[in-house]
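Here are some friendly notes to read alongside the structure. Keep the view open and find each residue as it comes up.

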Amino acid sequence: MTPSDIGSSFVWLLVFVLGIGTYGLRLSFMHFQDSLSEVPPPIEHGLAFIPAAILAALVCAELFTLESLVTGTAINTQVIAEGLAFIVAWWTKSIPITIGVGLVARSVLLWW
Amino acid sequence: MPTQSNASSDEPSTGANREVHAGTRQAPDSFRSDFVAGTRAIAPVLPAAAVVGLVTGVAADAVGLSPMPAMAMSVTVYAPTVMLTAFALINSATPIVVILVASLIVAVRFVMLSASITSYFSRLPRRWRWILAYFLWTPVYALSVERFDTDPTTNRRGYYLGTALPLWIVVQAAVLVGLRFGAAVPARSQLQFVVPLAFIALLVRFLTDRPKKLAAVVAGGIALISSGLPLNLGILLAVLGGTTVGIVLDGQEVGA
């Protein structure tokens, strides 16, 4: 792929549309939360599950995509490393330790 | 997890739970201290974010984008997943409409974040919500929501921006570096695994009771199964499924 393969107006169109589109999606609900100064308790309750669900979904979706891209033993390596990281995260509740352990575990397992 | 107490507790305590989500008006002092608290909270996530930015910059360069439009995209879109999707499709010479649709569907997660976080900012004037919306990212969302739930007196604008601004700066700088140094960035494939690790670290903080844990398990399971679905629709399904299970279980346990 060389720069000349991609027309600059094409790229700028992408920049413009994607920029507006992404921002619009982010703004979506935040824009309309207007006269509602209170969220009805049932909805409020339900919303509380979204963080857990969305993070779990993102982790697992990523796990699988990486799996399909990588061959053979590395599949198990990634799962093991992330499983380990999960246990460490559960135990320490610390972000840097979790990331550190996960990376080290993966490197060790790959090297092995 | 450190509990930050605000420097100024001048405002009267309303005490009522109904104020929790709406948020009370904060004294200016609290903005600064909560901003700092936010920054401290996001600090461990910044290296992962730097990696993401780096990968994006390198990918932009690899695809053949020149620095100007690439940086413009990074600033306007501010979502590496969206950009990487677009780049992957540019590579296979896809029609522009498909690229746009695919990339924006990947951004659907932002709608969910937006829906989930908006109730915390309901008292804020609209123009502020427009500003805050731009910075919405999963770690910003996760850390902010966690803080708002555990400490309702937090200056939400302050804390949110405290997490969001350093992240933005780091990501943009990293994209710039990735663009500039391109293929010279070492061990790229190794580094991108930092992202799921950061998400795992954030995830465990929300698994506070049984319904939440099950919601996570169900969501994760659905995401795994439906990862074959195009355009990350699996994630949307996973969140819907997990949230539903959580609500149902919660209702059962409470007995209401």
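How many salt bridges are there between chain B and chain A? Keep that question in mind, and remember as you read that this is a predicted model.

1. **The answer, and what else joins the chains.** The count of salt bridges between chain B and chain A is zero. Polar contacts do occur there: nine residue pairs, both at pLDDT 80 or more, are in polar contact between chain B and chain A. On the side of chain B that touches chain A, the residues divide into 64 nonpolar, 18 polar and nine charged.

2. **The extent of the contact.** Chain B puts 91 residues into the contact, and chain A puts in 67. Interface size is often expressed as the accessible area lost when the parts come together. Between chain B and chain A, the buried area is about 7,400 Å², and carbon and sulfur atoms give 77% of it. Three residues to pick out are B:Phe193, B:Leu197 and B:Ile200, which supply 9% of the area that chain B buries against chain A, more than any other three residues.

3. **A threonine that meets both chains.** Look next at A:Thr98, in helix α5 (residues 95–111) of chain A. Is A:Thr98 buried or exposed? A:Thr98 is buried, because its relative accessible area is 0%, and a residue needs to be under 20% to count as buried. Leaving out residues up to four places away in sequence, A:Thr98 touches A:Ala85, A:Val88, A:Ala89 and A:Thr92 in chain A, and B:Leu197, B:Ile200 and B:Ala201 in chain B. You have met B:Leu197 and B:Ile200 already, among the three residues that supply 9% of the area chain B buries against chain A.

4. **A serine facing a serine.** Now go to B:Ser114, in helix α7 (residues 108–117) of chain B. B:Ser114 counts as buried, since its relative accessibility is 0%. What does the side chain of B:Ser114 make a polar contact with? The partner is the side chain of A:Ser28, at 3.5 Å. Beyond its neighbours within four places in sequence, B:Ser114 is in contact with a run of chain A residues, A:Leu25, A:Arg26, A:Leu27, A:Ser28, A:Phe29 and A:Met30, and also with B:Leu136. B:Ser114 and B:Ala133 are 19 residues apart in sequence, while their C-alpha atoms are 7.5 Å apart in space.

5. **The architecture of chain B.** Chain B has 14 helices and zero strands. Of its 256 residues, 55% count as buried. Sequence distance is worth a thought here: among contacts in chain B between residues at least 6 apart in sequence, 79% join residues at least 24 apart.

6. **The nonpolar core.** The largest nonpolar core holds 98 residues, and those touching the most other members are B:Phe87, B:Ile117, B:Trp137, B:Tyr141, B:Tyr160 and B:Leu167. The largest share of this core, 11 residues, comes from helix α3 (residues 50–69) of chain A. Setting aside residues up to four places away in sequence, B:Phe87 touches B:Thr56, B:Ala59, B:Ala60, B:Val63, B:Leu65 and B:Met73. One of these, B:Met73, is among the buried residues of α4(B).

7. **An unusual backbone angle.** Most residues other than glycine have a negative phi. What is the phi of B:Tyr78 near? The phi of B:Tyr78 is near 45°, a positive value. B:Tyr78 sits in the loop between α4 (67–77) and α5 (80–91) of chain B, and it counts as buried because its relative accessibility is 1%.

8. **Salt bridges within chain B.** Over all chains, the structure holds four salt bridges. In one of them B:Arg147 pairs with B:Asp34, with the closest N and O atoms 3.0 Å apart. B:Arg147 lies in helix α9 (residues 138–150) and B:Asp34 in helix α2 (residues 28–42) of chain B, so the pair ties together parts that are 113 residues apart in sequence. B:Arg147 also meets B:Asp151 in a salt bridge, at 3.7 Å from N to O. B:Asp34, B:Arg147 and B:Asp151 are thus linked in a network. For practice, find another pair, B:Lys212 and B:Asp209, at 3.4 Å: B:Lys212 is buried at 13% relative accessible area, whereas B:Asp209 is partly exposed at 27%.

Methods: Residues numbered from 1 in each chain as written. Chains lettered and ligands numbered in written order. Predicted model: local features only at pLDDT ≥ 70, side-chain atom pairs only at ≥ 80, totals over all residues. Heavy atoms only, no water. Helix = DSSP H or I, 4+ residues; strand = E, 2+ residues; numbered from the N terminus. Buried < 20%, exposed > 50% of the residue type's maximum accessible area, 1.4 Å probe, protein only. Contact = heavy atoms within 4.5 Å. Core = buried A, V, L, I, M, F, W, Y, C linked by side-chain atoms within 4.5 Å. Buried area = accessible area lost by both parts, 1.4 Å probe. Salt bridge = Lys/Arg side-chain N within 4 Å of Asp/Glu carboxyl O. Polar contact = N/O pair within 3.5 Å; in protein donor to acceptor, adjacent residues only side chain to side chain. Nonpolar A, V, L, I, M, F, W, Y, C, P; charged D, E, K, R; others polar.
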